[in-house]
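User: I'm just getting started with protein structures and I'd like a close look at a single part of this one. Could you pick the spot, walk me through it, and then work outwards from there?

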Amino acid sequence: MIVGVTGHQRIPADAVGFVTARIVTMLEDAGRPLTGVSSLAAGADQIFAQAVLNAGGRLRVVVPCANYETAFADEAGRREYARLLAAASSIETLPHPAPSAAAFLEAGQRVVDLSQLLIAVWDGEAPTGAGGTADVMQYA
């Protein structure tokens, strides 16, 4: 089964355990062999990617652009991105020269297109800017 993810980067601390548990459960119920598709953004994407690896799955990464690591708000997110990227079975980098809303939206759409099942960690709110979870959900 090929499972993709879209989700918020800033998950409230009191929700992280719930989000992680639900992702793990959904991956346990997915067919095998398991491939997870993610852009490895902070938050939901990184939680998902680690859960895929913990489940013995392969990780397919869609990198939105060159210099993507500069888009991370903090060093911890950048380090986790680098660690998970090194564990990936395959990496596809989209042809955007730098981080942008267009790059993030295209990456989200690519994750949807590659997936048989999409896990969304989303609060249901309308988009606040282009390229976020709500836009990817609308596309899906």
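Analyst: Let's start at Thr133, which is found in helix α5. Keep in mind as we go that this is a predicted model. Is Thr133 buried or exposed? Its relative accessible area is 8%, so Thr133 counts as buried, the cut-off being under 20%. Which residues does Thr133 touch, if you skip those up to four places away in sequence? The list is Thr6, Gly7, His8, Val121 and Trp122.

Thr133 also has a place in the largest pocket. That pocket holds about 720 Å³ of space. It is lined by 32 residues, and Thr133 is among the closest to its centre, along with Gly7, Gln9, Gly131 and Gly132. So you've now met Gly7 twice: as a residue that Thr133 touches, and as one of those closest to the centre of the largest pocket. Which elements give two or more residues to the lining? They are β1 (2–7), α4 (101–114) and α5 (133–139). Of these, α4 gives the most to the lining, with 5 residues. As for chemistry, the lining divides into 17 nonpolar, 11 polar and 4 charged residues.

From the pocket, let's follow strand β1 to a helix that packs against it. Helix α2 covers residues 44–54, and 8 of its 11 residues are buried, so this helix is mostly covered. The buried ones are Ala44, Asp45, Gln46, Ile47, Phe48, Ala49, Ala51 and Val52. What do these buried residues pack against? Their partners are β1, α1 (16–29), β2 (35–38), β3, α3 and β5 (117–121). After α2 comes Gly56, with a positive phi near 85°.

A few backbone details in the loops deserve a look as well. In the loop between α1 and β2 you'll find Pro33. The peptide bond that joins Arg32 and Pro33 is cis, with omega at about 0°. Next, go to the loop between β2 and α2, where Leu40 lies. Leu40 has a positive phi, near 65°, and it isn't a glycine. Leu40 is buried too, with a relative accessible area of 0%. Then there's Asn67, in the loop between β3 and α3. Asn67 is another residue other than glycine with a positive phi, in this case near 60°. Where Leu40 is buried, Asn67 is partly exposed, with a relative accessible area of 44%.

Now for helix α3, one of the partners of α2, and the charged side chains along it. How many salt bridges does the model have? The count comes to 4. One of them brings together the side chains of Glu75 and Arg78, at 3.2 Å from N to O. Both sit in helix α3 (residues 75–86), 3 residues apart, which puts about one helical turn between them. Why does that spacing suit a pair of side chains? An α-helix has 3.6 residues a turn, so residues three or four places apart point the same way. Glu75 is partly exposed, with a relative accessible area of 41%, and Arg78 is partly exposed as well, at 26% relative accessibility.

Helix α3 has another salt bridge, between the side chains of Glu80 and Arg83, at 2.7 Å from N to O. Here again the two residues are 3 apart in α3, about one helical turn. At 22% relative accessibility, Glu80 counts as partly exposed, and Arg83 is also partly exposed, with a relative accessible area of 40%.

Away from those helix pairs, salt bridges that share partners join Arg60, Glu92 and Arg110 into one network. Within it, the side chains of Glu92 and Arg60 meet at 3.8 Å, N to O. This pair links distant parts of the chain: Glu92 is in strand β4 (residues 90–93) and Arg60 is in strand β3 (residues 58–63), 32 residues apart. Arg60 is partly exposed, with a relative accessible area of 29%.

How values were computed:
Residues are numbered from 1 along each chain as its sequence is written. This is a predicted model: local features need pLDDT of at least 70, side-chain atom pairs count only at pLDDT 80 or more; totals for chains, interfaces and linings use all residues. Side-chain values use heavy atoms; hydrogens and water are left out. Helices (H or I, at least four residues) and strands (E, at least two) are DSSP runs, numbered from the N terminus. Buried means under 20% relative accessible area, exposed over 50%, partly exposed in between (1.4 Å probe, protein chains only). On a 1 Å grid over the protein atoms alone, a cavity is a set of points where a 1.4 Å probe fits but cannot get out, and a pocket is an open set with protein on both sides within 12 Å along at least five of seven lines; lining residues have an atom within 4 Å of a point. Grid points are joined across faces, edges and corners, and a volume is the space filled by probe spheres set on the points. Ala, Val, Leu, Ile, Met, Phe, Trp, Tyr, Cys and Pro count as nonpolar, Asp, Glu, Lys and Arg as charged, and the others, Gly among them, as polar. Contact means heavy atoms within 4.5 Å.
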